[in-house]
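Work through these exercises with the structure open beside you. Try each task before you read its solution.

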Protein chains: 4
Amino acid sequence: MVQQRVAVIGASGYGGLQTLRLLADHPQLTVTYLGGERSSGRRWSELVPFLPLPGDPIVQSPDPEAIAAAADLVVLSLPNGLASRLVPDLLDRGLKVVDLSADYRYRSLSQWREVYAAEAREHPRDDAALCAEAVYGLVELEEERIAAARLVAAPGCFPTASLLALSPFLRQGLIESSGIIIDAKTGTSGGGRAAKEHLLLAEASEAVSPYGVVGHRHTSEIEQLATQVAGQPIQLQFTPHLMPMVRGLLATVYARLRDPGLTAEDCTTLLEVAYRHSDSVSVLPVGTYPSTKWVRQTNRALLSVQVDQRTGQLIVMSAIDNLVKGQAGQGVQALNLMAGLPASLGLPLLPFYP
Amino acid sequence: MVQQRVAVIGASGYGGLQTLRLLADHPQLTVTYLGGERSSGRRWSELVPFLPLPGDPIVQSPDPEAIAAAADLVVLSLPNGLASRLVPDLLDRGLKVVDLSADYRYRSLSQWREVYAAEAREHPRDDAALCAEAVYGLVELEEERIAAARLVAAPGCFPTASLLALSPFLRQGLIESSGIIIDAKTGTSGGGRAAKEHLLLAEASEAVSPYGVVGHRHTSEIEQLATQVAGQPIQLQFTPHLMPMVRGLLATVYARLRDPGLTAEDCTTLLEVAYRHSDSVSVLPVGTYPSTKWVRQTNRALLSVQVDQRTGQLIVMSAIDNLVKGQAGQGVQALNLMAGLPASLGLPLLPFYP
Amino acid sequence: MVQQRVAVIGASGYGGLQTLRLLADHPQLTVTYLGGERSSGRRWSELVPFLPLPGDPIVQSPDPEAIAAAADLVVLSLPNGLASRLVPDLLDRGLKVVDLSADYRYRSLSQWREVYAAEAREHPRDDAALCAEAVYGLVELEEERIAAARLVAAPGCFPTASLLALSPFLRQGLIESSGIIIDAKTGTSGGGRAAKEHLLLAEASEAVSPYGVVGHRHTSEIEQLATQVAGQPIQLQFTPHLMPMVRGLLATVYARLRDPGLTAEDCTTLLEVAYRHSDSVSVLPVGTYPSTKWVRQTNRALLSVQVDQRTGQLIVMSAIDNLVKGQAGQGVQALNLMAGLPASLGLPLLPFYP
Amino acid sequence: MVQQRVAVIGASGYGGLQTLRLLADHPQLTVTYLGGERSSGRRWSELVPFLPLPGDPIVQSPDPEAIAAAADLVVLSLPNGLASRLVPDLLDRGLKVVDLSADYRYRSLSQWREVYAAEAREHPRDDAALCAEAVYGLVELEEERIAAARLVAAPGCFPTASLLALSPFLRQGLIESSGIIIDAKTGTSGGGRAAKEHLLLAEASEAVSPYGVVGHRHTSEIEQLATQVAGQPIQLQFTPHLMPMVRGLLATVYARLRDPGLTAEDCTTLLEVAYRHSDSVSVLPVGTYPSTKWVRQTNRALLSVQVDQRTGQLIVMSAIDNLVKGQAGQGVQALNLMAGLPASLGLPLLPFYP
């Protein structure tokens, strides 16, 4: 089969590692360029002895000219702020880019500057036009625009789980626009591979704690999309919690139904219809609740709905693997579409259990 | 010092083990009787080689007459339904009883029969008067009544964390009575020591999942107390989640403030005042969020408040050790009061970390 | 491609689940029959909502006639003792069988009766000829005999890791035949999916402990093969330890070198040569030690060697996934060979990390 | 009761935190000085919100003069190499010092320079006399010398577990002096609180791996004491493994019995006699094997013995909490003796379980 060539920049972080692992099984995408800042010049097998790659390549310093010579598509897995320094040059050379960072998730550069203030100070940008052009890469909502895009911003892990749960209800106006609460739980790999004290096993194991309560950066990202889908301004409550596990993300979403007569079965049907063409999203029967373990190391999102007839509350549970559907797998979905392939091609959908 | 004598019935389950461990360090309460159904006749060190007890006693079949001869106070740590078969006999013999099960948590026997239907079928009861007499053992709310009681029902772990967070706000009418959401997370030891597939390490590790969504038994227990404290009927949303850890419980409580001008600092002050006489409850400064690890193996509850000025939501986080403040430690608090001692006497309040 | 048909019996235990998951990705083997004792008559999706299978089959009671009608190859994943009640009938009908239990791992039925005494009492057997006929399914040692077999006994998880480490040294007579020590560490999934108290997360998490010290059943299994490979009787020390993790097995093997001049590099070369044709076994460079995480959910065994020049000790470290290379993946390797396919066809060799 | 005053230097690392937590419950030792390099000038509650200390002190830069004014005894919990810069000044001012680092564990400074070469380059020392004077703080072996010492070097965690297992057998000449193998397993807190990639939960969870194979620093520390106890040179094999848990350390020790007739019961009796005066060491009955969970957050070492009559191997299992008996608790034992108190005074010996 004809292979399309992919460059992966930021290869030894978790986003890069997942991307490489996913592409190792892909029938039509081949990694032809490995880039990294800190690890440039080093042989791959010394950096990552556990993931042998064909030819045991040497990691390159990310040079747009060399990338353009070697690849058609690029996945950027870099810290926030750094991607924006590479993207214009890559696009100029005709490459298509999927960026796993937050740099192009906001339509408005000034909003990005506000939400990512520290990064904005360190990395001055004036690519407002690219922010406006970039497509938000939530494949199940934006399939056509992604297929036509040259720059896709892969969504954050929390927004992915939350928006898959909320969007169908918001779009149809079935829930009240205020009072939405997203209580989210994530494994520690969401914090990345750079060593930080609070992510040490000794600290994070046998511990559950909230963080970023009120004002976490993903709040505004979720609200931007929720507002777009609902067609009216949405402000909501988003509270992430750190879980003592490596991977997995569960969003428990609470909203008030407009029509108190809607049942859990009705709402389940609604979700099934909304995602009937999406291989990567499945809806569980009423009364079966998703475990993050059921989607671990897969690109699948598992949704389940419950309704409390007494209180009129809708509860939507949404489980993903934060590093796959929440990051690199979603990136590969976008790559697939940009390469003219089916969105879920080559992506794992079944877990190894337990 | 004069020692008061305590019988512990159901000694080798988690509730019994915690009670024995806590009392091993207690300056004025001494365990003088060990009772157990399945383990009766066996020597303690064979059952539990890791927790040597003075004299290495033999576990007794729980006989009210023998218990009354050996002890003044009794802690029952038995499966739901079983306690009610012992309690009348124990009270008749003048013993004071702390029951860790749900048997006396409801004022109304018929409500218990409804909520614990399976147990009610297996264990027919007609002790409605005792249900009405029993005091709900949330020490920080009911100190005086507990001190005067002969029968105390120790609260469930989820109700403990939830009600400590909610009560001061409900009592003062600061939050709306509808729309309250409790998103709770617990370690697997809350499921007890009896072997169940879903609590196996292989199943529960690297996994987060909701359970009992809408209608979990603790919902009605929380609502009974919340209604009493608020002075008006309260219906709320309670969703427990199973965490991949041994112990620890976090309740993240969402409610809408009646007065949108209240700040997180105001609410923190309110909690500090409410618990200023409670050694076992501490309030964290605004912006510091509790980890369950900070209270592990202690009787301390840690509360923290945040307010979202945009949405008017109040968020109260409440962390406890599910087996100590959520079960056996709370039981010892009640024992202390019933024995005329300070509530927190002999209880650990500082964690070993990490 | 032509598909060969496989029956999986004992489908909802861990061995069965892994087999189904592995075969879901296999290019030339298709599951055409699902059998189970306790779960017979139930729809697959109700039993295992997280692993959808094509057509959502109903689990069948394991009937040899029906199995023979539906399949060419059979994988048995049943408790010890049960397989031997099915195997003769299956072989009579011309099926080829891979048994994941211990029933056919010993050449001598009387040795099996001695080592598995409890099972032998419950399941009387007189299939000594089949014990003698069955091929021990350690693919890297017995490839040709497996390809020609109609009955293969997949090795235990500990013997797999241990024998991969030891065999090349024993075969060449490079280590002393006495004084060999295997200190092994396994995740809790090795204990199976049936609920047992000591495998609860609350018990097994945050805990490391030895078990079966002196006389664990796998000792005799390892010794049988070691003796065969060495050509002289081998008695060794095997001590398993339970680790607080789901999957993964590490054997740290100690032996005394006959020639004190051999270096770690020499020994590494020896292993590389021994396994140069084995896709599923890799040898790490000297000084790089395997983590069980590097092989999780793969069929790869990772070996590493170190030598202490002071003491003359050889240390071989061997990491596998206990449920894949240590069980179901090894079973699929045997299936592949019996079906005339390359041993590692369709098996995952690269981990998702972390 | 008269209180003796203790200074803790390096208060916010794990060794310091444990020391503070242990002393919070101590009846006769009171912390009167908190010192720290990086955290100096900061209020304790900001650094460590989860362990409130009386008076909420400010952490001081470690100044010998100020320490001498405030305290009688000092615990140093600093990185290797740093303690040696403070100790001479502290001793000059009449303070008694327990050092938790490796700086004074070797009688010979030149051996320290060899084993801790990197630290020796960074921290030039010429205190050979102090190295010779310092007492190795394994309380069960050196009680009298510790009681009379002014400088005690608390042993490493691995040497503690290993030497408690080996010493009685070496002293009595019951095992062969060569061929001893120590296969050790430790939780990640042994690596300290400073952030390192390989100790991240995402990396270390669901993973078991060896490290420092042949030549780990603790090898020489163990050999120094083993040689002293045996009265002849001992060289042995020591292999540490990193476990996916926070705390706990298990050493599985293999040695060949000189007298093949010795039984496990004989060896158990030998250990019981050896430790009959040691509150902190217990011996389990034959056939009961220690879990690290049984000693978690206690100062207890649990030993168990097994003998393989076939091979003549002795297997001694030794479980401790690496941060308590393996570090800070052992330090408090030494403090107790230096203060004229019983060694185990104020130390927890019973675990909270699970």
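**Exercise 1.** Find how far apart the centres of domain 1 and domain 2 of chain A are.

Solution. Start with the bounds, which come from an automatic or database domain assignment. Domain 1 of chain A covers 4-133 and domain 2 covers 157-322. Take the centres over C-alpha atoms: 27 Å separate them. Now look at the contact (C-beta atoms, placed from the backbone, within 7 Å). Domain 1 of chain A gives 7 residues and domain 2 of chain A gives 7 residues.

The model is predicted: local features need pLDDT of at least 70, side-chain atom pairs count only at pLDDT 80 or more, and totals for chains, interfaces and linings use all residues. Residues are numbered from 1 along each chain as its sequence is written, while chains are lettered from A and ligands numbered from 1 in the order in which they are written.

**Exercise 2.** Work out what relation links chain A to chain B.

Solution. Superpose the copies by least squares on the C-alpha atoms of residues with pLDDT of at least 70 in both. A rotation of 180 degrees does it, with 0.0 Å of shift along the axis and an RMSD of 0.0 Å. So the relation is that of a two-fold axis. Next, find the residue of chain A closest to the rotation axis. A:Pro244 is that residue, with its C-alpha at 3.1 Å. Last, check the surfaces: 100% of the contact residues of chain A recur in chain B, so both copies use the same surface.

Conventions
Two residues are in contact if their C-beta atoms, placed from the backbone, lie within 7 Å.
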